[in-house]
Amino acid sequence: MLVKQSCHRLFHRRLKVKNFEDSTTQKNRTNRIILAEQTFHKKGSSPPDFPLGLILWYEVFISNSKPGDMMKYAIGCDIGGSFVKVGLLTEAGQLTSRKTIPLPRFKDPEDFTGWVSSALVMFARQNLPDDGQLSGVGIGIPGPVKYPEGTLFDPPNLPFSGEIPFGELLRKRLPFPAFIDNDATVQTLGEARVGKGRKIRNFIYIALGTGIGGGIVVNGRIYRGDTGMAGEVGHLVIDYRGRKCLCGARGCMEAYASINGIVNSLREFPYDLPGEIRELLETGPWGKLPGILKERIERGEKHWQKIWNIFADALGAGMGSLINIFNPEKIIISGGLSYYSSLFLARAIETARHYSFKQPAAVCEITVSKLKENAGIYGAGLLVFEEEGK
Ligand SMILES: [Zn+2]
């Protein structure tokens, strides 16, 4: 009751500063506040934990309750290891604003969800145009996600494990709908709607980063599989007696063609490693290794190309199998390592052709994404409109 009263007071004080509906009568406005309060309390017992968050929550909710034909927007949110990228999209897929926010460390899922919801409400309040209506937020997050519930299983980039009801916790806190899916799946949707997968019925998306993310589009729709976890192309086994993968299996493509794969190759490398590389292998960040290898090759240390050749052969073998299984029109390569495609792509394409049937290989174009690091924001935002249209 105390919370309810103080919400009311704070909200009314805020309304004096900014009116959302100039022509609306006080009675209507009061009704809306009551409606907002009812919705807020119906959503559960997790109110935003600071007064500003509470006011913003009401503001976005009321603003979103405006009647009439308004321009629709969605927030696309891409949660990475150390940053959260957020963008506002129109229904036509135009990115109107974008922000990168450092992701703090959290002690528990409640703490994490509280921070994410506050950041999203704040972003909506700052960026949504006055004549805009927010259809919701789409979120891409690494690791297995049960869709549409948004339940996370041992998220690899967050300091807590087990089954996390992230979607359920978040929906209680947000004044707009939220859709949560695996980051690579969401990126695939971005490629399908506004990237190189546009107007393509069948394609495979491969995101090369610390690990490998992936997505499958069949007949113009994301293929999610039986429990929403399909598309893990990085764990395609290319050598069943090969290197141990972080997933517990052996010989996955990811154990060769990713930053983790480069680390594995360097550890097996039969040459003396220079101090700079040895130190990075021990202490990290491993993300610097691809750049260092590229620089050394450009300086004339050609033997480092062997690391990229192992990478290319593994990626090529994997893509060859994908071509045989899916007969796709395109394979779209993305992720941070796609910036180094000059060092591996030509050889990977040649290997893929070698390991696949002639006819499907001939029709499959292997290409690098143009959306790159924005694919997640686009895809997450467009996921909202896709769900709304169902
Ligand atoms: Zn694996």
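Two strands count as paired when DSSP finds at least two bridges between them. Keep that in mind as we walk through this structure, which is a predicted model.

Let's start with strand 2, which covers residues 83-90. On one side of the pairing, strand 1 (residues 71-79) runs antiparallel to strand 2, and 7 bridges join the two. You can pick out one of these pairings by eye: find G76, then look across to its bridge partner in strand 2, G87. The chain gets from one strand to the other with 3 residues in between, and the two strands form a hairpin.

Now stay on G87 and look for its other neighbour. G87 also stands opposite R98 in strand 3. Strand 3 spans residues 95-102, and it too is antiparallel to strand 2, with 7 bridges joining them. Here again we have a hairpin, this time with 4 residues between the strands. Check out G93 in that turn: its phi is positive, at about 90°.

So how enclosed is strand 2? Residues count as buried when their relative accessible area is under 20%. In strand 2, 7 of the 8 residues are buried, so the strand is largely enclosed by the rest of the structure.

Next, let's head for the nonpolar interior. The largest nonpolar core contains 49 residues, and the ones with the most contacts inside it are I206, L266, W308, L315 and I366. Helix 10 (residues 305-326) gives the most to this core, supplying 9 residues. What does W308 touch? Leaving out residues up to four places away in sequence, W308 touches I262, P290, L293, K294, I297, L337, Y340, L343 and F344. Another core lies apart from this one; it has 33 residues, including C77, L128, V137 and I141.

Our last stop is the zinc ion. Which residues hold on to it? The protein donors are H235, through its ND1 atom, and C245, C247 and C252, each through SG, at 2.0 to 2.3 Å from the zinc ion. The angles among these 4 donor atoms are 106 to 117°, and the site is tetrahedral. For comparison, the ideal angle for four tetrahedral donors is 109.5 degrees. Along the chain, the donors follow the spacing H-x9-C-x1-C-x4-C. H235 and C247 both sit in the loop between strand 11 (221-222) and helix 7 (259-267), so this pair ties together parts that are 12 residues apart in sequence. Are these two buried or exposed? H235 is partly exposed, with a relative accessible area of 26%, and C247 is also partly exposed, at 45%.

Note on methods. Residues numbered from 1 in each chain as written. Predicted model: local features only at pLDDT ≥ 70, side-chain atom pairs only at ≥ 80, totals over all residues. Heavy atoms only, no water. Buried < 20%, exposed > 50% of the residue type's maximum accessible area, 1.4 Å probe, protein only. Core = buried A, V, L, I, M, F, W, Y, C linked by side-chain atoms within 4.5 Å. Contact = heavy atoms within 4.5 Å. Donors = N, O, S within 2.8 Å, 3.2 Å for Na, K, Ca; no water. Tetrahedral: all angles 85-135°; square planar, octahedral: opposite > 155°, others 65-115°.
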